[in-house]
Structures are given as C-alpha cells and as structure tokens.
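Reader: Before I rely on any label attached to a model, I would like to hear the reasoning behind it. Could you take me through the descriptions one at a time?

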Amino acid sequence: MFEYLRGRLDAFKEAYVVSSGVQAGIRQSRNFRATHTLCEDDLRRAARFDDAIALAVGLIGSHDPAGSHYAYHERLDRVCQVPYRCLVPKETDGLLLSGRCMGVEPRIQDAIRHMPVCMATGSAAGTAAALTVRHECQVAEVPIKPLQNALRTNGAILE
Ligand SMILES: Cc1cc2nc3c(=O)[nH]c(=O)nc-3n(C[C@H](O)[C@H](O)[C@H](O)COP(=O)(O)OP(=O)(O)OC[C@H]3O[C@@H](n4cnc5c(N)ncnc54)[C@H](O)[C@@H]3O)c2cc1C
C-alpha cells in the first residue's frame, strides 16, 4: 500500500513509514462449539429467538483461511437475531463467548465478525457474567428476561 501511495499520489511523494501494526490482522479463524451454532438457514429466514441478545448482519460469507480473498460472499436484505446460546460453550463451564469466536458456522462468519456485532455480543457476555454473580448461577442458567432488559436499558437493539 505504501509503495502504491508513494508512487502514485503527489501528496505521498515525501512520505515514509513511522510504524505499523505489531501483528497482521486475521479476519477469520476458529470458532467455539456453542449450545446454538448460528447457521446459514438462521440468516436466510431472518430467524427470531426467545433468547435474542444481539442482531447479526445479513452477510453470508467467509474468508479463505489460506488466502486473502473471500471464499464466499452474498448480501441479504435482512438481519437475524443472535441467541444467547451462541455465547454459551457446549463443553466448558464458567466461560462466555463473544465477538468472532462465538458459535457460528464458518461459512457465515461475516454475519457476526464486524465490529458492531462483536461489540453487541461482548456487551451481552459481560452483562450475562454480572447476572451469574447476582443470581448465583451457571452461564447456561442466566435468566433471559433480566438479561434482555438490562441490554435494552443500555441501548442494545435486539429486534
Ligand atoms: C484487516 C482487518 C480489517 C477489518 N476491517 C473491519 C472494518 O472495516 N469494519 C469492521 O466492522 N470490522 C472489521 N474487521 C473485523 C473486526 O475488526 C474483527 O472481527 C473484530 O474486531 C473482532 O473482535 P473480537 O472482540 O472478536 O476480537 P479482537 O478484536 O481480536 O479482540 C481480542 C482481544 O483479546 C486479546 N487477547 C488475545 N489473547 C489473549 C490472552 N491470552 N489474554 C488476554 N487477552 C488476549 C487480544 O489482544 C485482543 O485485544 C477487520 C478485521 C481485520 C483483520
């Protein structure tokens, strides 16, 4: 990018690199097995869930783990809800998932890996963790209505 900008744009003729990221960003890697795996069918039918805690965007797509291009990409004109169960690991107690590692089919990772959905699921996971303390329960037993009420009070858009 730098060579391109310096070679093509007058404003960059004298430019030089001061610093860059310490690590290359990776768009897609592994996902946990959660008690619900958000899937292509959920997206296509704009699924609604009683335990919704966020919205996923209408993007079906994934990146080729071995390359820099989309392995698959399709835009839908609808969104679906993300159930709380996507944040609850199938095999591990005392842990909540959020962001791009949550329970989702790799093929539709684009529906949840963008920052707004990562922030929304992160906020839901944090709120749920607080409720486990208040209700002295496991993450899988978090009462859904108080969780949704707390999220809505904090401005979350669930539908
Ligand atoms: C090149 C690139 C461009 C992108 N562009 C966009 C864009 O334009 N718009 C958009 O919406 N999204 C974009 N994304 C996607 C988006 O930025 C990420 O999917 C999103 O930030 C992932 O959020 P996360 O919370 O799941 O993970 P992360 O943001 O990766 O957060 C995980 C955090 O955990 C920390 N961590 C890891 N291991 C440990 C450990 N053992 N102990 C403590 N901390 C640890 C990491 O340091 C990191 O801070 C882009 C992604 C990439 C790679």
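Author: What follows takes several descriptive words in turn and sets each one against its cut-off; the model is a predicted one.

Reader: Which secondary structure elements does the protein chain have, and in which pattern do they follow one another?

Author: The protein chain has four helices and four strands, and along the sequence they come in the pattern α-α-β-β-β-β-α-α.

Reader: What makes the protein chain more spread out than a compact globule?

Author: Its radius of gyration is 19 Å, whereas the globule rule gives 15 Å for 159 residues; the value lies well over that mark, and the chain is therefore described as more spread out than a compact globule. The C-alpha trace, taken along its principal axes, spans about 60 × 35 × 30 Å. As for burial, 36% of the 159 residues count as buried, and among contacts with a separation of 6 or more, 66% are between residues 24 or more positions apart.

Reader: Why is helix 3 called oblique to helix 4?

Author: Helix 3, residues 115-134, and helix 4, residues 144-153, pack at an angle of about 130°, and their axes are 10 Å apart. Angles of 65 to 115 degrees count as roughly perpendicular and those over 145 as roughly antiparallel; the angle of about 130° falls in neither range, so helix 3 is oblique to helix 4. The crossing of helix 3 with helix 4 is right-handed.

Reader: Which residues meet where helix 3 packs on helix 4, and how do they divide into nonpolar, polar and charged?

Author: From helix 3 come Ser123, Ala124, Thr127, Ala128 and Leu131, and they meet Pro146, Leu147, Ala150 and Leu151 of helix 4. The residues of this contact divide into seven nonpolar and two polar, with no charged residue.

Reader: How do you know whether Val104 is buried or exposed?

Author: Val104 has a relative accessible area of 3%, and because buried means under 20%, Val104 is buried. Val104 is found in the loop between strand 4 and helix 3, and, leaving aside residues up to four places away in sequence, Val104 touches Asn31, Thr37, Leu38, Gln109 and Ile112. Val104 and Arg30 are 74 residues apart in sequence, while their C-alpha atoms are 9.8 Å apart in space.

Reader: What term describes the accessibility of Arg85, and why?

Author: The relative accessible area of Arg85 is 32%, and since buried means under 20% and exposed over 50%, this value lies in between, so Arg85 is partly exposed. Arg85 is also found in the loop between strand 4, residues 80-83, and helix 3. Not counting residues up to four places away in sequence, Arg85 touches Ala34, Thr35, His36, Phe49 and Asp51. The C-alpha atoms of Arg85 and Glu40, which are 45 residues apart along the chain, are separated by 16 Å.

Reader: What is the accessibility of Glu136, and what is its phi?

Author: Glu136 has a relative accessible area of 75%, and because exposed means over 50%, Glu136 is exposed. Its phi is positive, about 45°, although Glu136 is not a glycine, and its place is in the loop between helix 3 and helix 4.

Reader: Where is Ala46, and what is its phi?

Author: Ala46 lies in the loop between helix 2, residues 40-44, and strand 1, residues 52-56. The phi of Ala46 is near 45°, a positive value in a residue other than glycine.

Terms used
Residues numbered from 1 in each chain as written. Predicted model: local features only at pLDDT ≥ 70, side-chain atom pairs only at ≥ 80, totals over all residues. Heavy atoms only, no water. Axes fitted to C-alpha atoms, helices over the stretch in contact; angles between N-to-C directions. Helix = DSSP H or I, 4+ residues; strand = E, 2+ residues; numbered from the N terminus. Parallel < 35°, antiparallel > 145°, perpendicular 65-115°, else oblique. Left-handed = near helix turned anticlockwise from the far one by under 90°. Contact = heavy atoms within 4.5 Å. Nonpolar A, V, L, I, M, F, W, Y, C, P; charged D, E, K, R; others polar. Rg over C-alpha atoms; globule rule 2.2 N^0.38 Å. Buried < 20%, exposed > 50% of the residue type's maximum accessible area, 1.4 Å probe, protein only.
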